[in-house]
Amino acid sequence: MSEHTLHFKPAEGFRARSKAVVDNPFLRQSFRGAMDFLMSKRAAQFPDAEELASLRTLGESIRQYNLAKLPTLLEQLEANLTRNGIQVHWAETPEEANAIILGICQRIGAELMVKGKSMVSEEIELNHAAEAAGVAALESDMGEYIVQLADEKPSHIIMPAIHKTKEEIARLFADKVEGVDYTDNVDALIQIGRNVLRQKFLEADIGLSGVNFAVAETGTLCLVENEGNGRMCTTAPPVHIAITGIEKIVEKLEHIPPLLSLLTRSATGQNISTYFNMISSPRQPGEKDGPAEVHLVLLDNGRSQAYADEQLRKTLQCIRCGACMNHCPVYTRIGGHAYGTTYPGPIGKIISPHMLGLDATSSMATASSLCGACGEVCPVKIPIPELLMRLREEAFTAPHANPSMLGQGAGYSWLMTSVWKGWAAVYRSPSLYAVATWLGSRFAWLMPAKQGAWTSVRVPLKPAPKRLRDMLKDRG
Amino acid sequence: MSARDRILNKLKAAPRQDKAVPDVAAWYAMHRTPEDKAGKVQRFRQCIELAHAEVHAVTPADWLTTLREVLRSKGLDKILVSEETTHGCAVLDEFPRQGVDCQVYDMAIEAWKTEMFNATPASLTAARAAIAETGTLILWPDAAEPRLMSLVPPVHIVLLDASRIYNTFYEAMHSEGWKDGLPTNALLVSGPSKTADIQQTLAYGAHGPKELVVLLLTEDAQ
């Protein structure tokens, strides 16, 4: 693995990374501008509030219906894909998923893998694992290609290079792509990417893609995209491997149109994406192109933990549109990298603890003002603020037997809990409250000038010299 | 125990929920008004043109002439067609005489992949149908018009029968009974390839066709 491998310990350095972005006016401008753009594009797609409300309700009911039947649907999907000639693999952990994919690479002697955009492949850090196994894994989505050239990670799940200006990308291309001179013309930059990657689509031994929806009744994998690289990765190389989380399944084909409409309109404000690619089998006898082998890797990685709890299960309704991050005041200010997780923003805060454990993510759910914007725009009505509250409780209450989450109580501190318990006791009892406020007003001078995090951006707290009850008494 | 069994066991041990069957048909009945043929044609055209596709209204009598003009206007003298379709054969009968080099997709891609990627400037395929609501072409690539034909050439020209336009994606899949059998690959195409990955600036021709031309076929000229 390279030294740039990002090991997921979001708890470490979250504050420092956030501060670095907040202090950088260029990055803040990039994110602010991009989020304003995406929010207005989405708003333009939903002029009719009633239509939006009823479509979100339909989207929510489709996702909840399918999650309720998830184990049965996974078995049905597996049976139908197998019948269609698509090979199905199961992985509980990122390591198992990488081993399956690299096993296929080794069996066919693959040297080059071209990748369509897949957040699950980021989740398992496939590029690093492939590199270690001697397989070149090349990102082909323009944003992902840029991020990979810069040796970075995506900062947004839909627009991976959103943190970069065109001038930065121009310099990157001039430095890293052979025979390219500096140009900050966006059309020219895209053509450079097109030409480099076209040759790779031609040469690649394996195409890897994600999956937006898997349809159980027909055994079909659906991919949403605009560039055509997803179609290239799933059509040009001799072998196609798709990877998905176990939750992205629908029972019926008719569940797709409403979800597709919600996805593209919420994500980028398009009434539909340029391509919607539905794959149901490898190349059939007589067909002249398409991969001879198609594989699907189904990844758990903590999803079954979320599934086990009826409230946390709602996390799995997500269709990965990114609208929650586009509308999040915290994401807009700190950007995607600060979180240190594959999935940033509100959805990242509620899904990452299941993937990485609460010990690595205990502070994530606290990075929220609970303004509720994420819940309001979610196309499948995930109650994100409610789930953030639940995760705070899971992280900060004392460890107990049979926890519903890995790392429960990781943020627990005896001192902090005792202080809050004392606070609660004082506020519940009028006599204790009277004593405490009397002490406060008499000994206000004892308050230190520096009060930890509070005074880093605020004036020190100091009890008033006279209590409210005394002031009222004076007035008679 | 295998990973499969462990995952399924965990899911099956979770609390069972009973959720109502979503009524997709009712939503479409309430929120989408079907349009007549002219309305669908107009909406389809408006939407796909907004997505940067070029649309020409043609008739059975003049579509070849229009196709020839499209190629000429783009400076193209080479086109990939199918020799197994009537429209492909019509081109093969006419165009070589007019100095247009006609390639045919008559071998498995392995035999000519480099030529496909580097020396195939344009292609002609038929659309199976279309969707008015979003300005979308429905393609079902097959042995005659394989998958890469609508993807690799920088200019993709599509022949669409205007009577095959549905109101919505839902109506299309429902009317055609897609759930009873899908092909190897079914595609919705709603414009030329594009990206906004660099500073939200829209650029066409990312990896797929840079230009999408629709020949909208009606019985009589409109």
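Which residue of β9(A) is the bridge partner of Leu221(A)? In this predicted model, the bridge partner of Leu221(A) in β9(A) is Ile279(A). The legends below start from that strand.

**Figure 1. Strand β9 of chain A, residues 275–279, between β6(A) and β9(B).** Strand β9(A) pairs with β6(A), residues 220–225, in the antiparallel sense over five bridges. Strand β9(A) is also joined to β9(B) by five bridges, and these two strands likewise run antiparallel. Ile279(A) takes part in both pairings: Leu221(A) is its bridge partner in β6(A), and Asn185(B) stands opposite Ile279(A) in β9(B). Met278(A) has Ala186(B) as its bridge partner in β9(B). Five of the five residues of β9(A) are buried, so the strand is largely enclosed by the rest of the structure. Both faces are covered, with Tyr275(A), Asn277(A) and Ile279(A) buried on one side and Phe276(A) and Met278(A) buried on the other.

**Figure 2. The interface of chain A and chain B.** Chain A contributes 98 residues to the contact and chain B contributes 79. About 7600 Å² is buried between the two chains, and carbon and sulfur atoms give 58% of this area. On the side of chain B, Asp197(B), Ile198(B) and His207(B) lose the most area to chain A, together accounting for 11% of what that side buries. The rule finds nine salt bridges across the interface. In one salt bridge, the side chain of Glu92(A) meets that of Arg6(B), with an N to O distance of 2.4 Å. Polar contacts across the interface involve 47 residue pairs, counted with both residues at pLDDT 80 or more. Elements that give two or more residues to the side of chain B touching chain A include the helices α1 (3–13), α2 (24–31), α6 (113–118) and α7 (169–175) of chain B. The strands β9 (185–189), β10 (194–195) and β11 (203–204) of chain B are also among them. Helix α1(B) gives the most, with eight residues. By class, this side of chain B has 43 nonpolar, 19 polar and 17 charged residues.

**Figure 3. Gln200(B) and its contacts with chain A.** Gln200(B) is found in the loop between β10 and β11 of chain B. Is Gln200(B) buried or exposed? The relative accessibility of Gln200(B) is 19%, so this residue counts as buried, the cut-off being under 20%. Apart from residues up to four places away in sequence, Gln200(B) touches Gly33(A), Ala34(A), Phe37(A) and Ile162(A).

**Figure 4. The surroundings of His156(A).** His156(A) lies in the loop between α8 (142–149) and α9 (166–176) of chain A. With a relative accessible area of 1%, His156(A) is buried. Beyond its neighbours within four places in sequence, His156(A) is in contact with Met35(A), Leu38(A), Ile162(A), Gly322(A), Met325(A), Asn326(A) and Tyr331(A). Ile162(A) is thus named among the contacts of His156(A) and also among those of Gln200(B). The side chains of His156(A) and Asn326(A) are joined by a polar contact of 2.6 Å. A polar atom of the His156(A) side chain also lies 3.0 Å from the backbone nitrogen of Ile158(A). Met119(A) is 37 residues from His156(A) along the chain, and the C-alpha atoms of these two residues are separated by 10.0 Å.

**Figure 5. Helix α8 of chain A and what covers it.** Helix α8(A) is mostly covered, with seven of its eight residues buried. The buried residues are Met142(A), Gly143(A), Glu144(A), Tyr145(A), Ile146(A), Val147(A) and Leu149(A). Their cover includes α6 (119–123), β3 (136–139), α9 and α10 (186–203) of chain A, together with β10 of chain B. At the start of α8(A), a side-chain oxygen of Asp141(A) reaches to within 3.1 Å of the backbone nitrogen of Gly143(A). Just after the helix, Asp151(A) takes a positive phi of about 60°.

**Figure 6. Chain B as a whole, for orientation.** The secondary structure of chain B comes to seven helices and twelve strands. Along the principal axes, the C-alpha atoms of chain B fill a box of roughly 70 × 45 × 40 Å. Of the 222 residues in chain B, 55% are buried. Among contacts in chain B with a separation of 6 or more, 71% are between residues 24 or more positions apart.

Technical notes: Residues numbered from 1 in each chain as written. Chains lettered and ligands numbered in written order. Heavy atoms only, no water. Contact = heavy atoms within 4.5 Å. Buried area = accessible area lost by both parts, 1.4 Å probe. Salt bridge = Lys/Arg side-chain N within 4 Å of Asp/Glu carboxyl O. Polar contact = N/O pair within 3.5 Å; in protein donor to acceptor, adjacent residues only side chain to side chain. Helix = DSSP H or I, 4+ residues; strand = E, 2+ residues; numbered from the N terminus. Nonpolar A, V, L, I, M, F, W, Y, C, P; charged D, E, K, R; others polar. Pairing = 2+ DSSP bridges. Buried < 20%, exposed > 50% of the residue type's maximum accessible area, 1.4 Å probe, protein only.
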